[in-house]
Structure formats: C-alpha cells, structure tokens
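Please take a moment with the sequence and the model below before reading on. The paragraphs that follow lead from the chain as a whole to one loop residue and then to one helix.

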Amino acid sequence: MIATDRLKLRAWREADKPLLGVIHADPEVMQFLGGMKTASETSDIVEQLMRLSEVGEPIFWAAERIGDGALLGAVGLHRLGTDFPFGPALEVGWRLARDHWGKGYATEAARAALDYAFGSLDAPRVYSFTALANTRSEAVMQRLGMKKIEGGEFAHPDLLPTDPSSMHMLYVAERMVPQSGT
C-alpha cells in the first residue's frame, strides 16, 4: 500500500468491481481510454490486476480516499511492452470517477506512484501518455513536472487508427540522481 495525506493506493478487492464498473461505464471518463467497458470486462481487468499484485508487479492500484474509504478510481504503474514505440517501459497513469475530478487527487496519487517507481523500483524513467485532445490528463502530467517529448506523438497500439483518440502525446519523468560534491 502507498499512502498520501488524503489517499491510499491499495490492492484491488472483489468488492471494488461494481464501483470500478460505474467508472468504466461513464462515457466522459472513458472518452480517451478506448471507450466504455462492460461489467464483465471490468471484472476481468480487476482479476488481472489482482493476479499481478499477488506476484509483486506494479499495477494501477485502487485509489481510495482515506477519510471515508471511497473508491476514486485507479492510479498507478503499468509495465509496457515492445508494442509501444518507447517500450519496454514503465507508465504512470490514472482514471478517476468524474465526481472526483478537479480536486488534485490524480496529481497526488500519481506523484506517490512516481515516488514508488523511482524509490522502490529504482526506475530510471517513467512515461505517461494520453490522447492529443485530453488536456486534463496533460495538465496532470505538467503538474507532476513531467516533460513533453517533442516529436513523441504515436498511434496507441491498442486503438484502431480510425479511433479519434488513437494519436497520443508522450511525457517522461526521469529519476533525479544526487549530485556528488566537488
């Protein structure tokens, strides 16, 4: 588990499936994420995340508000394969219920995930990407201090080229290496 002042990123539970299903059924939330998911697809996603978590893989964890235990969405890390032009690589990402947008939760949780990636996983760099039109996620990347890779646009390998969200922008955060004294 990873904790911040307001949030905890934790392993998924069976009871989270219906709540994530509501998030996945919201067309506005899923607009840039490949479209809405059915309850069955969401169940399969949670099962896969639970399996990966059990073997110690970094995942998009359940993002829970500490104050009341509300499930806000999914935030965390994902290992990308060579089907991405910059892969294999580690991605930081987020998807929150619309009711929780604009409150700083995505930035807070993603910052904690980045700290985990650079600290516990010793990752040299972490990428984030979103559809060219997704200015909300791009703003989160900027608030995290990530740098846009100029000329780094790419067609998402899981989306059809005809999908309006197919083309993505790419950002990177690099681990800060302490300067040695002279």
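Helices and strands are here DSSP runs, a helix having at least four residues and a strand at least two, and they are numbered from the N terminus. The model is a predicted one, and read from the N terminus on, the elements of its protein chain follow the order β-β-α-α-β-β-β-α-β-α-β-β-β, which amounts to four helices and nine strands. The radius of gyration of the protein chain is 16 Å, close to the 16 Å that the globule rule gives for 182 residues, so the chain is as compact as a globular protein of that length. Along the principal axes, its C-alpha atoms fill a box of roughly 55 × 40 × 35 Å.

How is the chain divided between inside and surface? Of the 182 residues, 47% are buried, while the chain exposes about 9700 Å², with carbon and sulfur atoms supplying 53% of that area. Among the contacts between residues at least 6 apart in sequence, 59% join residues at least 24 apart. As for charge, the protein chain carries 19 positive and 24 negative side chains, and the centres of these two sets are 4 Å apart.

A single residue can now be placed within this picture. Lys-37 sits in the loop between helix H1 (17-24) and helix H2 (39-54). Is Lys-37 buried, exposed or partly exposed? Because buried means under 20% relative accessible area and exposed over 50%, Lys-37, at 24% relative accessibility, counts as partly exposed. Leaving aside residues up to four places away in sequence, Lys-37 touches His-24, Ala-25, Met-30, Thr-42 and Ile-45. The C-alpha atom of Lys-37 is separated by 9.8 Å from that of Leu-20, a residue 17 residues apart from it along the chain.

Further along the chain comes helix H4, which spans residues 135-143 and whose buried residues are Ser-137, Glu-138, Val-140 and Met-141. Seen down the axis of H4, these buried residues fall within an arc of 155 degrees, so they line one face of the helix. The general background is that an α-helix has 3.6 residues a turn, so residues three or four places apart point the same way. Which elements cover the buried residues of H4? The cover includes helix H3 (105-119) together with strand E5 (89-96), strand E6 (125-131), strand E7 (147-148) and strand E9 (167-174). Just after H4, the backbone reaches Gly-145, which takes a positive phi of about 80 degrees.

Technical notes:
Residues numbered from 1 in each chain as written. Predicted model: local features only at pLDDT ≥ 70, side-chain atom pairs only at ≥ 80, totals over all residues. Heavy atoms only, no water. Rg over C-alpha atoms; globule rule 2.2 N^0.38 Å. Buried < 20%, exposed > 50% of the residue type's maximum accessible area, 1.4 Å probe, protein only. Contact = heavy atoms within 4.5 Å. Areas by Shrake-Rupley, 256 points an atom, 1.4 Å probe, with all protein chains shown as cover. Lys, Arg positive; Asp, Glu negative; His and termini not counted. Charge placed at Lys NZ, Arg CZ, Asp CG, Glu CD. Arc of directions from axis to C-beta.
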